[in-house]
Amino acid sequence: MFYAVTAFYVLVCFLLLTVVLLQRGKGGDIAAAFGGGGSQTAFGARAGASLLTRATTILAALFMLGSLALGIMWRKGEGSVVSGVGGGTPPPVQAPETPGQ
């Protein structure tokens, strides 16, 4: 089960990376600098943006849910992440030295 979730998570990561890189910046291309901002749309004015935006939203939600699922599945035993650090007892406190004594 763990390996299936991990493989699905890696696939979602690659798809999210691809969808984010396919998106066009908001007026960041060279044509926008010279007044031709809307001339190079492949899917129309809003159809491509809404499709990529919806895909990004869905893949981002799957990314977060996958990371949460893997974190829960990876956890071993009871307790918190830092439960074994420090041995459970604090170090003894030494009194400060006073000068002149």
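Helices here are DSSP runs of H or I with at least four residues, and they are numbered from the N terminus. With that in hand, welcome to a set of close-up views of a predicted model.

**View 1. A nonpolar patch sits on the surface, built from Phe8, Leu11, Leu15, Ile58 and Leu62.** Together these residues offer about 440 Å² of accessible area. Two elements, α1 (2-22) and α3 (47-74), each give two or more residues to the patch. Which element gives the most to it? That is α1, with 3 residues. One patch member to look for is Leu15, found in helix α1. Leu15 has a relative accessible area of 41%, and partly exposed means between 20% and 50%, so Leu15 counts as partly exposed.

**View 2. The largest nonpolar core consists of Val12, Leu16, Val19, Leu52 and Leu59.** It has 5 residues in all. The elements that supply two or more residues to this core are α1 and α3. The largest share, 3 residues, comes from α1. Take a moment with Leu16, one of the core residues. Leaving aside neighbours within four places in sequence, which residues is Leu16 in contact with? They are Thr56, Leu59, Ala60 and Phe63.

**View 3. Thr56 is a residue of helix α3.** Is Thr56 buried or exposed? Its relative accessibility is 18%, and buried means under 20%, so Thr56 counts as buried. Not counting residues up to four places away in sequence, Thr56 touches Leu16, Val19, Val20 and Gln23. You may recognise two of these names from the previous view: Leu16 and Val19 belong to the largest nonpolar core.

**View 4. Phe2, Tyr3 and Trp74 come together as one aromatic cluster.** How many aromatic pairs does a search of the whole structure find? It finds 3. In one of them, the ring centres of Phe2 and Tyr3 are 5.9 Å apart and the planes meet at 70 degrees, so this pair is edge-to-face. Phe2 is partly exposed, with a relative accessible area of 26%, while Tyr3 is exposed, at 70%. In another pair, the rings of Phe2 and Trp74 have centres 5.5 Å apart and planes at 35 degrees, so this pair is tilted. Why does the Phe2 and Trp74 pair tie together parts that are 72 residues apart in sequence? Because Phe2 lies in helix α1 and Trp74 in helix α3. As for Trp74 itself, its relative accessibility is 58%, so it counts as exposed.

**View 5. Met1 belongs to the segment before α1.** Met1 has a relative accessible area of 75%, and exposed means over 50%, so Met1 counts as exposed. Now find Met73 as well: how far apart are the C-alpha atoms of Met1 and Met73? They are separated by 9.4 Å, although the two residues are 72 residues apart along the chain.

How values were computed: Residues numbered from 1 in each chain as written. Predicted model: local features only at pLDDT ≥ 70, side-chain atom pairs only at ≥ 80, totals over all residues. Heavy atoms only, no water. Patch = residues over 30% accessible without salt bridge, like charges linked within 9 Å, V, L, I, M, F, W, Y side chains within 5 Å. Areas by Shrake-Rupley, 256 points an atom, 1.4 Å probe, with all protein chains shown as cover. Salt bridge = Lys/Arg side-chain N within 4 Å of Asp/Glu carboxyl O. Buried < 20%, exposed > 50% of the residue type's maximum accessible area, 1.4 Å probe, protein only. Core = buried A, V, L, I, M, F, W, Y, C linked by side-chain atoms within 4.5 Å. Contact = heavy atoms within 4.5 Å. Phe/Tyr/Trp six-rings, centres within 6.5 Å; stacked < 30°, edge-to-face > 60°.
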